[in-house]
Amino acid sequence: MGYCDCELILNYVEDIKTPEYPFLICTNAFESSFQDVWDKWRVFTTENKHIAALFYEMISDHSRRTNRFLNLCQCLETYSKHFRAIEVETIRNKYLSTKKARVTLKHRLEDLFLYVNHYLLLEEDKCIELAETISKARNFFTHYGKGDKEPSFDCIAYSNMFLHFTLLLVIYNMLGIDDRFILDCKFRIMYKRMNEYIEKIK
């Protein structure tokens, strides 16, 4: 009797291992403005405890592959809804003639990618393309339309890396951390090939 190699992909991890490498941004990077950063974080978590809890789940790496992808999309979508409503309407209005048309995930992602693009340094068209690809992938898993194309393994894997990095950029920017230290994150080992990863999101 023949056999096949099987791969188990976990979608949730209960016990989170403490990383043995430094955080992307350590406190010495903002020691001169520590109180300001801390106050901003406390205000954010107090006024938006459900969003903060969602962010924690993602940053602490609880979920895997498809669940991770969906949760990252939810994190960014939720942040956009609460903090970028006006900017997203501007994006939506570029494509639609009526203001009654609903805002979609594509509009929200496009706005957020452009919002942090001074760190990503992508062409605007690339931000738009990524928003389109990732939103279609998310919609496949949430709607499972018969005519929809299933996203590839690479698309989800590299989208996860890109979306996680985007989420960190949004948080760091929101907290007012110096741009120099945020830009340095792109050169850390887990993100220094980000431009290569982005090209695999198709």
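The predicted model contains 10 helices and 0 strands. Read from the N terminus, the order of elements is α-α-α-α-α-α-α-α-α-α. The protein has 202 residues, and buried residues account for 42% of them. Contacts between residues at least 6 apart in sequence were examined for their separation along the chain; 71% of them join residues at least 24 apart. The exposed area of the protein is about 12,700 Å². Carbon and sulfur atoms supply 53% of that area.

Helix 7 was examined in detail. This helix covers residues 124–143. Its 20 residues should span 28 Å at 1.5 Å a residue, because the expected span is 1.5 Å times one less than the number of residues. The C-alpha atoms at the two ends lie 28 Å apart, so the expected span and the model agree. Buried positions recur along helix 7: K126, C127, I128, L130, A131, T133, I134, S135, A137, R138, F140 and F141. These buried residues pack against several other helices. Helix 3 (65–83), helix 4 (85–95), helix 5 (105–115) and helix 6 (117–120) precede helix 7 among these partners. Helix 8 (153–175) and helix 10 (194–199) are also packed against.

S135 is one of the buried residues of helix 7. Its relative accessible area is 5%; buried means under 20%, so S135 counts as buried. The side chain of S135 reaches the backbone oxygen of E132, at a distance of 3.0 Å. Further contacts of S135 were considered without its neighbours within four places in sequence. On that basis, S135 touches L105, K106 and L109. Helix 5 spans residues 105–115 and is among the helices that the buried residues of helix 7 pack against.

Both flanks of helix 7 were then inspected for backbone angles. Most residues other than glycine have a negative phi. L121 has a positive phi, near 60°, and is a residue other than glycine. This residue sits in the loop between helix 6 and helix 7. The relative accessible area of L121 is 64%; exposed means over 50%, so L121 counts as exposed. Past the other end, Y144 comes just after helix 7. Its phi is also positive, at about 50°.

Taken together, helix 7 holds buried residues that pack against other helices. S135 within this helix is buried, whereas L121 in the loop between helix 6 and helix 7 is exposed.

Notes
Residues numbered from 1 in each chain as written. Predicted model: local features only at pLDDT ≥ 70, side-chain atom pairs only at ≥ 80, totals over all residues. Heavy atoms only, no water. Helix = DSSP H or I, 4+ residues; strand = E, 2+ residues; numbered from the N terminus. Buried < 20%, exposed > 50% of the residue type's maximum accessible area, 1.4 Å probe, protein only. Contact = heavy atoms within 4.5 Å. Areas by Shrake-Rupley, 256 points an atom, 1.4 Å probe, with all protein chains shown as cover. Polar contact = N/O pair within 3.5 Å; in protein donor to acceptor, adjacent residues only side chain to side chain.
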